[in-house]
Amino acid sequence: DTQSPGDEEGSPGAEGNRPVPPTSLALTGDTIRKKRLVAPTLSLTLDKTSTDRSVKSDEFDASALSPSPDDDLEMDINLEALETPSDKHAEMGHLDLDQVDSNGRRWRRFHIGGQDYQVNMSVLEPYLQVLSHGGYYGDGSTAIIMFTSCYLPENTTEHYEYVMDNLFRYIIGTLDLMVSENYILVYLCGMAPRNKMPGIKWLRQCYMSIDRRLKKDLKGLFVVHPAWYVRALITVIKPFISEKFSRKMRFIHSLQEMAEFVPVAQLQIPDCIRQ
């Protein structure tokens with residue numbers, strides 16, 4: 001005779017006395033509705049010290065630049081800030097979809113220092129070319145990241161501190177996405193007047209917020225066409241940066257000189273700087 005699973009030794013009783021298990025799960029009640037995503041209110045001011053040239057992000061109309069709790073968000077893809085001439089850039093990591101609130105403002109989420117931040121991409125739209133990917137050189141494993149200061153906002157821009165707070169988060173978050181291993185940073189100072197020069201606190205905060213991996217993988221920082229006020233600012237911030245990081249910094253006085261280190265022809269340098 002064939003023995004059923006319920007008649008095995010040690011079984012408490014025959015299987016026939018047990019109810020037959022269901023083959024499907026009956027669903028009752030109304031269908032659960034998905035919740036809409038709402039972007040949290042931003043508070044991204046780098047410090048609480050007031051300045052004589054700008055307005056704190058919490059001192060102007062929050063309804064104009066920050067999403068309210070009642071704003072409904074839709075999803076939209078925006079990849080313009082991460083353009084690159086190399087297909088390898090597509091492998092840099094996952095980029096979340098931008099969120100668009102009911103007022104048409106775009107918000108992008110970045111994961112920085114173990115925390116998630118919402119960045120107002122709408123106010124940064126005129127300045128997204130500040131940071132760009134210049135492709136790769138050498139054996140193809142070293143990325144070229146360009147910081148073009150002529151695209152920075154002037155310090156007379158309305159709500160300047162709020163814009164710079166968001167730009168700070170955007171640069172740190174995007175740099176982490178752009179770089180997967182070794183890279184060099186090219187800081188183009190040309191055609192940037194003094195009123196576009198970031199403040200000491202802003203630069204220091206950027207340095208302090210850069211992930212340790214990014215500092216370690218940085219193989220060179222080329223400061224191209226440094227004006228006297230750029231040199232002075234770098235001298236002031238040197239005590240805040242490590243000696244190892246300082247040794248990676250090099251002043252470059254012409255594009256011809258820079259061509260000795262990186263392939264200048266492939267870089268998307270503004271025409272006004274090339275001339």
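These legends describe close-up views of a predicted model.

**Figure 1. Overview of the predicted protein model.** The protein has 275 residues, of which 45% are buried. Its secondary structure consists of 9 helices and 9 strands. Among contacts between residues at least 6 apart in sequence, 73% join residues at least 24 apart. The exposed area of the protein is about 16300 Å², and 50% of it is supplied by carbon and sulfur atoms.

**Figure 2. The largest nonpolar core, with 51 residues.** The members that touch the most other members are L124, L167, Y170, I171, Y183, W202 and V223. Helix α3, residues 160-178, gives the most to this core, namely 12 residues. Another core lies apart from it and has 17 residues, including L188, A192, L255 and V264. In soluble globular proteins, nonpolar side chains tend to be buried together.

**Figure 3. Surroundings of L124.** With neighbours within four places in sequence left aside, the contacts of L124 are V119, V163, N166, L167 and Y170. L124 and two of these contacts, L167 and Y170, are listed with the core members that touch the most others.

**Figure 4. The two sides of helix α6, residues 228-237.** Y229, V230, L233, I234 and I237 are buried in this helix. These residues lie on the same side of α6 because they cover an arc of only 140° around the axis. W228 and T235, on the other side of α6, are exposed. The cover over the buried residues includes helix α4 (200-209) and the strands β8 (218-224) and β9 (249-252).

**Figure 5. A nonpolar surface patch formed by I200, V236 and F240.** The area of the patch is about 230 Å². F240 is located in the loop between α6 and α7 (243-247). With a relative accessible area of 37%, F240 is partly exposed.

**Figure 6. Salt bridge between R108 and D98.** The N to O distance between the two side chains is 2.8 Å. R108 belongs to strand β3 (residues 106-112) and D98 to strand β2 (residues 98-100), and the two residues are 10 apart in the chain. Both R108 and D98 are buried. A network of salt bridges links D98, R106 and R108. Side chains of opposite charge can pair when their charged atoms come close.

**Figure 7. Salt bridge between R105 and D101.** The closest N and O atoms of this pair are 2.9 Å apart. R105 is buried, as is D101. A search of the whole structure gives 7 salt bridges.

**Figure 8. Salt bridge between D176 and R213.** The side chains meet at 2.9 Å, N to O. D176 lies in helix α3 and R213 in helix α5 (residues 212-217), so the salt bridge ties together parts that are 37 residues apart in sequence. D176 is partly exposed at a relative accessible area of 31%, and R213 is partly exposed at 29% relative accessibility.

**Figure 9. Q268 and G135.** Q268 sits in the loop between α8 (255-258) and α9 (271-274). Q268 counts as exposed because its relative accessibility is 55%, against a cut-off of over 50%. In sequence Q268 and G135 are 133 residues apart, while their C-alpha atoms are 9.7 Å apart in space.

Technical notes. Residues are numbered from 1 along each chain as its sequence is written. This is a predicted model: local features need pLDDT of at least 70, side-chain atom pairs count only at pLDDT 80 or more; totals for chains, interfaces and linings use all residues. Side-chain values use heavy atoms; hydrogens and water are left out. Buried means under 20% relative accessible area, exposed over 50%, partly exposed in between (1.4 Å probe, protein chains only). Helices (H or I, at least four residues) and strands (E, at least two) are DSSP runs, numbered from the N terminus. The arc is that of the directions from the helix axis to the C-beta atoms. Contact means heavy atoms within 4.5 Å. A nonpolar core is a set of buried Ala, Val, Leu, Ile, Met, Phe, Trp, Tyr and Cys residues joined through side-chain atoms within 4.5 Å. Patches are made of residues with over 30% relative accessible area and no salt bridge: like charges are joined within 9 Å, nonpolar side chains (Val, Leu, Ile, Met, Phe, Trp, Tyr) within 5 Å. Accessible areas come from the Shrake-Rupley method with a 1.4 Å probe; for residues, only the protein chains shown count as cover. A salt bridge is a side-chain nitrogen of Lys or Arg within 4 Å of a carboxyl oxygen of Asp or Glu.
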